[in-house]
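Thanks for coming. I will keep this short and go through one structure, starting with its sheet.

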Amino acid sequence: MRDVTGLPLYYLDMLWHKPDRTTVTREEFDARLQAILEQDAWIVDGNYIRTLPQRLDHCDTVFFLDIPTDVCLAGVEHRIGAQREDMPWAECEFDEEFRRCIIDFPTQRRPQMIAALDYAAAHRGVCIHTLMSREEMAQALACITQGHIRTQPVAGSHNSANGSSETLMEPRLAGNAACSAKGQQNTDAMEDDGFWRILDGLAATSTIVIDRPRGTSHPRYPDSIYPVDYGYLRDTTSMDGDGIDVWVGTGTCGIDAIICVVDLVKRDSEIKVLIDCTEEEKRLIFGVHNETENMKGVLVRRNPPRS
């Protein structure tokens, strides 16, 4: 990214760690980071969720590498013994605490990160790109080189680019499947538009109740954070006897997708309706319904797309 954009690159690990494997104080780390954020243009690489809101307040573009855990673990294994520019020493072994941090990331830290990124996109207009494989990373760099992804400061913005997380983040690339989460399957859209017209009518004649706003946690699973507003259609009945579940996004596309979910714990299946959900929000929703082995979902898109 640095070589393609020409922007200065800073690693959070280099701000935090000393060559003797100790760390600076939190106050010193924060001061170093703030000095970088006050520059006109930069790329910052690293996770450090505590300072993510601070970085999001100063950036206009985020690249988030949301790649599978096994790929992350293999990458760390491959780097053992290698001298790296993002760390002040060469690792001689795979630290078990770091291994556990990587394994737990999808359930413990990723939801917090997604909620923060989603808020920044909705309230500050930060452009969020999520990369889910090394192939998508290469494609993103190619798009930046060709000028298809903005990397220069825009009028009124503080800074230009921020790579937050241990990786980079997903471009909405032309021709790239927007919902390409790990294990995701995109079914062929239904040819009969009658299904969608009836669904439109049902939603239009029902009251949408949002009882679990974005950023809040599941009432029984506090580590599970809702990345998009979630609720139901009042006076309707789904397969579980409650109202039909809906995800309500920040777009203007109406109903252009549903997600069919099977839950082994509840021993049921449901159809959840996506209303005004952007491509990024669809990806986040798909991830929610595919985080565990006990629940899986399939996204079904409307075809042809509505004008």
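Six strands make up an open sheet here, and this is a predicted model. Going across, the order is S6-S7-S8-S10-S9-S11, with mixed pairing. The two edges are taken by strand S6, residues 208-212, and by S11. Each of these has a single partner strand, so one side of each has no neighbour in the sheet. From one strand to the next, the twist averages 30 degrees.

As background, strands of a sheet pair through backbone hydrogen bonds, and they do so either parallel or antiparallel. How do S9 and S11 run, parallel or antiparallel? They run antiparallel, and 7 bridges join them. To pick out one position, Ile258 has Val300 in S11 as its bridge partner.

Now the helices on this sheet. Helix H10, residues 279-288, packs on the sheet and touches S8, S9, S10 and S11. The direction of H10 makes about 150 degrees with that of S11. Helix H9 lies across S7, S8, S9, S10 and S11. Relative to S9, H9 runs at about 90 degrees.

Which residues of H9, spanning 194-204, are buried? Gly194, Trp196, Leu199 and Ala203 are. The cover over the buried residues of H9 includes four strands: S7 at 229-233, S9 at 255-263, S10 at 268-275 and S11 at 295-301.

Next, a helix pair from another part of the sequence. Two packed helices are described by the angle between their axes and by the distance between those axes. For helix H6, residues 96-108, and helix H7, residues 110-124, the angle is about 50 degrees and the axes are 5 Å apart. H6 and H7 are therefore oblique to each other. On the H6 side, the contact is made by Phe105, Pro106, Thr107 and Gln108. On the H7 side, these meet Arg110, Pro111, Gln112 and Met113. Sorted by class, the contact of H6 with H7 has 4 nonpolar, 3 polar and 1 charged residues.

Last, a single residue, Thr51, in the loop between strand S2 (43-46) and helix H4 (52-56). Is Thr51 buried or exposed? Its relative accessible area is 1%, and the cut-off for buried is under 20%, so Thr51 counts as buried. Leaving aside residues up to four places away in sequence, Thr51 touches Phe29, Asp30 and Leu33.

That is what I have; questions are welcome.

Conventions: Residues numbered from 1 in each chain as written. Predicted model: local features only at pLDDT ≥ 70, side-chain atom pairs only at ≥ 80, totals over all residues. Heavy atoms only, no water. Buried < 20%, exposed > 50% of the residue type's maximum accessible area, 1.4 Å probe, protein only. Contact = heavy atoms within 4.5 Å. Axes fitted to C-alpha atoms, helices over the stretch in contact; angles between N-to-C directions. Parallel < 35°, antiparallel > 145°, perpendicular 65-115°, else oblique. Nonpolar A, V, L, I, M, F, W, Y, C, P; charged D, E, K, R; others polar. Pairing = 2+ DSSP bridges.
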